Amino acid sequence: MIRQTSRKYASAWEQRKLIMVAPLQRGFDLPAEKIIPGVYPVMMSNGIGAYHNEYKVKGPGVVTGRSGTIGNLQYVESAFWPHNTTLWVTKFYGNHPKFIYYLYEKIDLKRYKAGSGVPTLNRNDVHDTMVFFPASRKEQELISAVLTYLDDLITLHQRKRLWFAK
């Protein structure tokens with residue numbers, strides 16, 4: 001572990017393998033015929049695929065495609081069911097979940113895809129990635145707040161552009 005302070009007022013940052021920051025696990029099987037309509041999103045590799053009456057994971061959560069759509073990251077506030085076509089963060093180790101979402105987004109998981117027909121993502125390849133991140137949860141919260149604000153602003157402007165294009 002490397003601890004470094006770049007400026008007098010900056011907090012320490014650490015470098016670790018991703019498995020020690022926010023490990024991934026394969027989602028759970030749920031055949032379409034077993035889905036019972038409910039309020040819990042079933043997170044699939046390309047987004048919400050259905051709503052089920054049960055959940056497997058309490059939110060918040062970070063989910064990405066494992067098979068098919070790779071690198072399509074999703075942040076889920078509520079309890080959810082990660083489908084077997086996904087990988088989801090099993091433990092945040094005290095890190096801010098939304099920061100972990102942005103950290104995974106920065107990693108660009110598409111570069112880890114394997115297979116020719118249907119691309120797949122092997123979590124073990126991702127787990128060995130070294131990441132540099134702030135040790136302070138407060139700093140993680142501040143960073144993710146700024147990034148969330150910018151994402152929301154971009155979305156707002158995209159909607160305005162579509163509205164004016166009509």
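**Notebook: helix α3, the cores and a sheet**

I started at the N-terminal end of α3, where S136 acts as the cap: one of its side-chain oxygens sits 3.3 Å from the backbone nitrogen of K138. For a polar contact I take a pair of N or O atoms within 3.5 Å; within protein, one must be able to donate a hydrogen and the other to accept it, and residues adjacent in sequence count only if both atoms are side-chain atoms.

Ground rules, noted early: this is a predicted model, with pLDDT of at least 70 needed for local features and 80 or more for side-chain atom pairs, while totals for chains, interfaces and linings use all residues. Numbering runs from 1 along each chain as its sequence is written, and side-chain values use heavy atoms, without hydrogens or water.

Next I checked the length of α3. Its 29 residues (137-165) should span 42 Å at 1.5 Å a residue, and the end C-alpha atoms are 42 Å apart, so the two agree. The expected span is 1.5 Å times one less than the number of residues. Helices (H or I, at least four residues) and strands (E, at least two) are DSSP runs, numbered from the N terminus.

Which residues of α3 are buried? I found E139, Q140, S144 and T148. Buried means under 20% relative accessible area (1.4 Å probe, protein chains only). These residues pack against β2 (13-17), α1 and β12.

Then I looked up the largest nonpolar core, meaning buried Ala, Val, Leu, Ile, Met, Phe, Trp, Tyr and Cys residues joined through side-chain atoms within 4.5 Å. I get 23 residues, with L18, V21, V89, I100, Y104, L109 and V126 having the most contacts inside it. At least two residues each come from β9 (86-89), α1 (97-107) and β12 (130-134). The largest share, seven residues, is from α1. A separate second core has six residues, V57, V63, F80 and W88 among them.

I also followed V21: beyond four places in sequence, its contacts (heavy atoms within 4.5 Å) include K91, F92, I100, L103 and F133.

Last, the open four-stranded sheet: the order is β3-β9-β6-β7, paired antiparallel. The edge strands, β3 (24-26) and β7 (74-76), each pair on one side only. Pairing takes at least two DSSP bridges between strands, and β3 and β9 have three. I see L24 opposite V89 of β9.

For the whole chain I noted three helices and twelve strands, and 38% of the 166 residues counted as buried.

Notes:
Buried means under 20% relative accessible area, exposed over 50%, partly exposed in between (1.4 Å probe, protein chains only).
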